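Student: Could you take me through the aromatic pairs of this structure in some detail? I would like to see how the geometry of the rings leads to the label each pair gets.

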Amino acid sequence: MSTDRIPVMIPWLGEEEAAAASEAVLSGWVAQGPRVAAFEKAFAERVGAEHAVAVSSCTTALHLSLVALGLGAGDEVVVPSLSFIATANAVRYVGAEPVFADVDPATGNLTPATVDAVRTPRTKAVLAVHQGGVPADVHALRAACADRELALVEDAACAIGSTVGGKPVGHGALLAAWSFHPRKLVTTGEGGMVTTDDADWAARLRRLREHGMNASAAERHASDRPVLESYLEVGFNYRMTDVQAAIGLVQLGKLDTMIARRRELAARYAELLHDVPGLTPVCDPAHGQSNFQSYWVLLAEDFPVGRDDLLAVLAAAGVSARRGIMAAHLEPAYADHPHAPLPVTERLTRDSLILPLFHTMTEAQQDRVVAVLREQAGG
């Protein structure tokens with residue numbers, strides 16, 4: 001067993017982020033303030049949205065998006081089961097019911113056909129995920145949702161820098177939610193963002209993240225006269241700090257370099273794995289390009305080693321791989337939740353695994369990963 005363990009992911013954090021965080025701390029303004037506003041502006045420009053609202057996580061971004069749509073008891077929201085459980089949980093937060101739909105086997109994403117298969121008269125919205133950075137075909141989904149008078153929310157947690165039709169994921173989105181968790185390309189430790197082109201929604205989202213106040217702490221601080229705030233509705237404490245935003249601004253400046261390197265490594269994986277029997281690597285869809293936030297491979301059903309056993313073999317060889325995307329409907333939290341048959345979802349979650357991919361990964365490390373896979377495949 002090698003002592004040089006290959007991690008599945010390493011955040012690209014360094015002296016620039018440390019200096020930016022230190023500057024924020026020394027400024028005396030560490031709560032939501034001017035750096036959050038600057039991060040929001042830069043992020044909106046990056047994804048081609050009119051407005052960005054920073055929050056404490058992608059989960060809270062999803063929650064606020066559904067609150068903005070006015071969803072509640074009696075409403076249904078179509079979601080993929082093949083996603084981190086927060087996608088479905090956010091629907092429950094507003095009292096609505098998540099309805100699990102199956103996904104496209106190549107991309108792991110919802111399609112108009114999989115949505116239609118589970119849509120009912122109670123369906124009010126669709127929550128589509130850009131899974132692992134592979135962009136969903138949002139042009140097709142937006143058209144289908146418009147025809148059926150459904151709101152489309154995009155869970156873009158993994159998709160910063162991915163594109164659809166040459167435009168950034170998030171461009172033209174009704175509402176899109178983003179994550180800055182350490183597994184993501186742009187990280188602030190924890191944190192999230194909502195983007196939208198609707199100014200009224202953006203204004204309300206800013207109030208909702210700060211207890212429903214009509215004047216933020218930053219606005220009150222900047223005023224030269226007393227500001228007596230009002231609480232216009234029941235809100236939440238979903239704010240981002242200026243320390244996080246300072247780190248995020250540095251991270252955003254590295255994004256193009258990160259994506260270029262990840263795509264270079266993904267292309268090399270594809271080249272090295274193309275003749276390994278029983279393995280299907282993730283790839284760009286016809287409608288866009290992935291940032292390869294996650295690089296997964298699907299095992300053939302007759303692959304000589306089961307997925308979990310293969311993970312154990314990789315671990316013994318010093319390779320930190322992960323199981324593929326989870327399926328929420330198979331988790332205890334949704335054990336009693338009714339759902340339609342989800343054969344593609346169950347196949348993908350059972351037989352896929354995520355391989356190491358990070359910007360400092362070397363060819364030698366990639367070769368080690370591929371050697372283990374090739375040996376287990378018998379090829």
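Tutor: Happy to; here is a walk through the aromatic pairs, with a short look at one helix contact at the end. Please keep in mind that this is a predicted model.

A pair of aromatic rings is described by the distance of the centres and the angle of the planes. The structure holds eight aromatic pairs. One of them joins Phe236 and Tyr238: the ring centres are 5.0 Å apart and the planes lie at 10°, so this pair is stacked. With a relative accessible area of 21%, Phe236 is partly exposed, whereas Tyr238 counts as buried at 16%. The cut-off for buried is under 20%, so the two residues fall on opposite sides of it.

Now take Phe292 and Tyr295. Their ring centres are 5.9 Å apart and their planes meet at 40°, so the pair is tilted. Here Phe292 is buried, at 5% relative accessibility, and Tyr295 is buried as well, at 1%.

Aromatic residues also gather in a group: Phe39, Phe43, Trp178 and Phe180 form one aromatic cluster.

To finish, the helix contact. The axes of helix 3 (residues 58-68) and helix 4 (residues 86-93) come within 9 Å and cross at roughly 40°, which makes helix 3 oblique to helix 4. The crossing is right-handed. On the helix 3 side, Thr59, Leu62, His63 and Leu66 take part, and they meet Ala86, Thr87, Ala90, Val91 and Tyr93 of helix 4. Sorted by class, this contact has six nonpolar residues, three polar ones and no charged ones.

Notes:
Residues numbered from 1 in each chain as written. Predicted model: local features only at pLDDT ≥ 70, side-chain atom pairs only at ≥ 80, totals over all residues. Heavy atoms only, no water. Axes fitted to C-alpha atoms, helices over the stretch in contact; angles between N-to-C directions. Helix = DSSP H or I, 4+ residues; strand = E, 2+ residues; numbered from the N terminus. Parallel < 35°, antiparallel > 145°, perpendicular 65-115°, else oblique. Left-handed = near helix turned anticlockwise from the far one by under 90°. Contact = heavy atoms within 4.5 Å. Nonpolar A, V, L, I, M, F, W, Y, C, P; charged D, E, K, R; others polar. Phe/Tyr/Trp six-rings, centres within 6.5 Å; stacked < 30°, edge-to-face > 60°. Buried < 20%, exposed > 50% of the residue type's maximum accessible area, 1.4 Å probe, protein only.
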